[in-house]
Amino acid sequence: MRELLTRTAGRTADATPPGRDRALDALRALAILGVVLGHWLVTALVADSGTLRTESPLRHLPAFTPVSWVFQTLAVFFLVGGHVAARGHTAARARGESHRRWIAGRLSRLFRPVVPLLAVWLTATAVLLACGVPWQTLHTLGTLVLSPLWFLLVLAALTAATPLVARVHPLWPLTVVLHVDLLRFGFDGPAWTGWLNLPAGWLVPYCLGALLARRGPFTPAAAWGLLLGGAAATGLLVAFAGYPGSMVGVPGAPVSNLNPPTLAAVTFGLAQSGGAILLLGPLRRALRRPVAWAAVALLNLCAMTVFLWHQTAMIAVTAGALFTADLLGHGPLAGLHTVPDGATWVLARLGLLPLFAVALLICGAVFRTYERTTRAARVPQARPRARKEARRA
């Protein structure tokens, strides 16, 4: 087994182009794991009078708010996305590829894996309706499954606008966010103005990634400035300006830092971006090891599948356990169907994470082919001659 893993890792390393920045792939993988684990830890499906509704442990257990600081990694996604898109668009122009063709290829890779998800859930919804499942439960499940798609829509819009925004300095969209929040919170402006921050807020790390691609590596001092300055600004906004401490939405809270993004979410994203930039060097050194790089490459091959199906995996385990408990005459299970208001729920949920992971692996095994067809061009295969030479060496 060990020999097989070593050979697989070696083949993956041989197939990787020399110019590929493995650290960016590692940052993307870490961001994906953060989103998945964050959703699994801060989302609870509570069985209530024959229906399922969502609850958050952060509402009942505010001491766990720092969990949201660790697992809310969206800024890293946009940082990497801006870097990769800016570099990819420059390369496309150099080889004479039209902007329209480049955009079509990028958007196809983003949205083609969405098709089976929508097909499965449209079918499942029809079946559940026919079986008499309450509409409130269907609304809850549909919201969990479809809400992460906002990320793809924003990323797609920014990707399509790459030729226009790749040279925009991050300070410009940051200024927009600052003025929108000042109008919204400082002068009691209309609530709809907050949605201007949806593109502007995520433009900040996206433009920062494009700047990184255009100007080259940041100095350690600049990266530390982003990390410490962003963290200090976020702390001040939370402590003295009334912003929520949680970096994810909490049901029932009057203000969410993500829906739409607030200045605190953006400054927190700057801190994350600074930390991510500081990690680039250590990650490049660590990923020289074939086994470490093979794990990162494997996750990146199915990144969209993991992102799209992780909520479905949690729902499948939760619903399956609820159905089984009803058959056996048991009540709601802690960590799955009960209100997340105590240490018992937290410990039970931690113990259930492996079950969610197994369900996600099953989803990945079934639906990964939809993503592989879109990513074939991203992960070049080693030429036969190169493989022979590698084996001889």
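**Salt bridges and burial in a predicted model**

Q: Does arginine 53 count as buried, partly exposed or exposed, at 23% relative accessibility?
A: In this predicted model, arginine 53 has a relative accessibility of 23%. Buried means under 20% and exposed means over 50%, so the value for arginine 53 places this residue in the class in between, namely partly exposed.

Q: How many Å apart are the closest N and O atoms in the salt bridge that glutamate 55 forms with arginine 53?
A: Glutamate 55, at 8% relative accessibility, counts as buried, whereas its partner arginine 53 counts as partly exposed. The closest N and O atoms of this salt bridge are apart by 2.9 Å.

Q: Which residue forms a salt bridge with glutamate 55 at a closest N and O separation of 3.6 Å?
A: The cut-off for a salt bridge is within 4 Å, so a separation of 3.6 Å qualifies. The residue concerned is partly exposed, with a relative accessible area of 47%, and is arginine 59.

Q: Which residue is linked with Arg53, Glu55 and Arg59 in a network of salt bridges?
A: Glutamate 55 forms salt bridges with arginine 53 and with arginine 59. The network that links these three residues also includes Asp48.

Q: Is aspartate 25, which forms a salt bridge with arginine 20, buried or exposed?
A: The closest N and O atoms of arginine 20 and aspartate 25 are 2.8 Å apart, and arginine 20 is partly exposed, with a relative accessible area of 29%. Aspartate 25 has a relative accessible area of 5%, and because buried means under 20%, aspartate 25 is buried.

Terms used. Residues numbered from 1 in each chain as written. Predicted model: local features only at pLDDT ≥ 70, side-chain atom pairs only at ≥ 80, totals over all residues. Heavy atoms only, no water. Salt bridge = Lys/Arg side-chain N within 4 Å of Asp/Glu carboxyl O. Buried < 20%, exposed > 50% of the residue type's maximum accessible area, 1.4 Å probe, protein only.
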